[in-house]
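Dear colleague,

I am passing a structure on to you, and I would be grateful if you could look through it with the notes below at hand.

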Amino acid sequence: MTRSPLTLAALATSAIPGLEVSQVARHTAGTTGDYDSAVVADDAGRRFIIRMPNSPAAFRRLEDELKALSALSAGIRTRLPFQVPAEAGHVDVDGLSAIVYTFIPGTLLDIAAITGEGPLATSIGEALGALHELPTGFIDDYALPHEHPGQVRERTRRLVARADVTRRVPRELLDRWYAAIDDDDLWGFEPTVVHGSLDDQSILVAEGRVTGLLDWGALRIADPAMDLSWLMHAASEAGTDAVLAAYARARETGTLKTLRRRATLYAELQAARWLLHGVDADDETITKDAERMLAELAAVVTGSWRMRLTEPVFDAEQAEEPAAPGGISDPDDFMADDDEVPVRTDTAAATEPVEILAETEVDEVVVAEVIDDEPADATPAAGRDDEDEETATVVEDEGATRAQSS
């Protein structure tokens, strides 16, 4: 059942006593999304997002997010250089609940805007660094998932083994992934607080800075590389390097070699997840699409020393390539006190980024109309029109994609 913006506005007034909605804008399109969402505003200039789940499964994911947002207390939020949504109210409807959230200004991140220059890459690195530096105690206090390196490694092994059984994955990719899983040095990481389902569709930006993160339903303690995997094979090399350099400075760590390699591994395994979704659903269209993605991925990574996931066994296996600018021989080494961002000069990986899809196919979520009540002197985000300020997002929860409004 699709609910109109006016219906959602009425629900918002029931969820927040005293709220008098003067403007409303739809945030979902079509009739088969997981949620109906809208942004509402009153005459005082307050804005809220209301989301109504369309199924019990969608409601359970909404409950997971509300639990995570409750764990992110006011004290925890003061440690973060960006905003986090908060529940402003809820109302029960037909055995489900419509949830009203506080509104965060900004537009969804455009990956193409992440370059080696400008403040955006630095802001992303600093935002993720601050998140991963949070104390971990509150995660356990709220009984949120706590994953150890061995658990993450074994889950990754099972995923690759399932993909192997399909006999649809190029052998060079399977060998690459198994070698990474068997590399003990790769899995000696320190678990941190992680967002858990981060991608460009859950990051809000304005004027070259991160203003907020959305979709917190997978909040947990786990591998920090999970929150960086969306950059690999998608952002430009210079942009990725700049984000990781800022991240290293924020966390005061000298090297990100193993973190970067695990992040790359997780990014590549999204194609394997898409394949398994197609196989499990007996959908040959999805399966063939995943096979195409895997073939393209194999062509990109095969033979590229700088995209390796493990160290070469013998020195002779390491190709001779020019050192990166600034005397840094390996682009994975980012020193916290080094102000110069290393730029990779190899051409082996300079192909069009492989499109990494989520495991579950969903309907696109778009903004059909927006509220235009900004003050006359408000300055829009660089490169954006005013009407782009309200938008929506697609996220991934436990390997399955969800539609969610920002």
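What follows is a description of the overall make-up, the two sheets, the cores and two single residues.

This is a predicted model, in which local features need pLDDT of at least 70 and side-chain atom pairs count only at pLDDT 80 or more, whereas totals for chains, interfaces and linings use all residues. Residues are numbered from 1 along each chain as its sequence is written, and side-chain values use heavy atoms, with hydrogens and water left out.

To begin with the whole, the secondary structure comes to 10 helices and 12 strands, where helices (H or I, at least four residues) and strands (E, at least two) are DSSP runs numbered from the N terminus. Of the 406 residues in the protein, 51% are buried, a word that stands for under 20% relative accessible area, with exposed meaning over 50% and partly exposed the range in between (1.4 Å probe, protein chains only). The protein exposes about 17700 Å², and carbon and sulfur atoms supply 49% of that area; accessible areas come from the Shrake-Rupley method with a 1.4 Å probe, and for residues only the protein chains shown count as cover. Among contacts (heavy atoms within 4.5 Å) with a separation of 6 or more, 71% are between residues 24 or more positions apart.

One open sheet is formed by five strands in the order E1-E2-E3-E5-E4, with antiparallel pairing; two strands are taken to pair if DSSP finds at least two bridges between them. At its edges are strand E1 (21-26) and strand E4 (87-93), each of which pairs on one side only, and the twist from one strand to the next averages 25 degrees. Strand E5 (residues 96-102) runs antiparallel to E4 and is joined to it by six bridges, with Tyr 101 in E5 as the bridge partner of Glu 87. E5 is also joined to E3 by four bridges, again antiparallel, and here Thr 102 of E5 is the partner of Phe 48. The hairpin of E4 and E5 has two residues between the strands, and Asp 94 in this hairpin takes a positive phi near 50 degrees. Six of the seven residues of E5 are buried, and helix H2 (residues 56-71) lies across strand E2 (35-42), strand E3 (47-53), E4 and E5, running at about 40 degrees to E5. For such angles, axes are lines fitted to C-alpha atoms, for helices over the stretch in contact, and the angles run from 0 to 180 degrees between N-to-C directions.

Another open sheet has three strands in the order E6-E8-E9, with antiparallel pairing. Strand E6 (107-108) and strand E9 (209-213) each have a single partner strand, so one side of each is left without a neighbour in the sheet. E6 pairs with strand E8 (residues 203-206) over two bridges, and Leu 108 stands opposite Leu 204 in E8. Helix H4 (residues 119-132) lies across E8 and E9, at about 40 degrees to E9.

Turning to the interior, a nonpolar core is a set of buried Ala, Val, Leu, Ile, Met, Phe, Trp, Tyr and Cys residues joined through side-chain atoms within 4.5 Å. The largest one has 90 residues, and those with the most contacts inside it include Ile 114, Phe 138, Trp 177 and Trp 230. Helix H9 (residues 257-280) provides the largest share of this core, 11 residues. Apart from it lies another core, of 18 residues, among them Ala 9, Ala 38, Ile 50 and Val 100.

Two residues may help you find your way. Ala 263 lies in helix H9 and counts as buried because its relative accessibility is 0%. Leaving aside neighbours within four places in sequence, Ala 263 is in contact with Ala 225, Leu 228, Ser 229 and Met 232. The C-alpha atoms of Ala 263 and Leu 309 are separated by 9.6 Å, although the two are 46 residues apart along the chain.

Glu 147 is placed in the loop between helix H5 (137-141) and helix H6 (149-165), and it counts as buried because its relative accessibility is 9%. A polar contact of 3.2 Å joins its side chain to that of Arg 155; such a contact is a pair of N or O atoms within 3.5 Å, where within protein one must be able to donate a hydrogen and the other to accept it, and residues adjacent in sequence count only if both atoms are side-chain atoms.

With best regards
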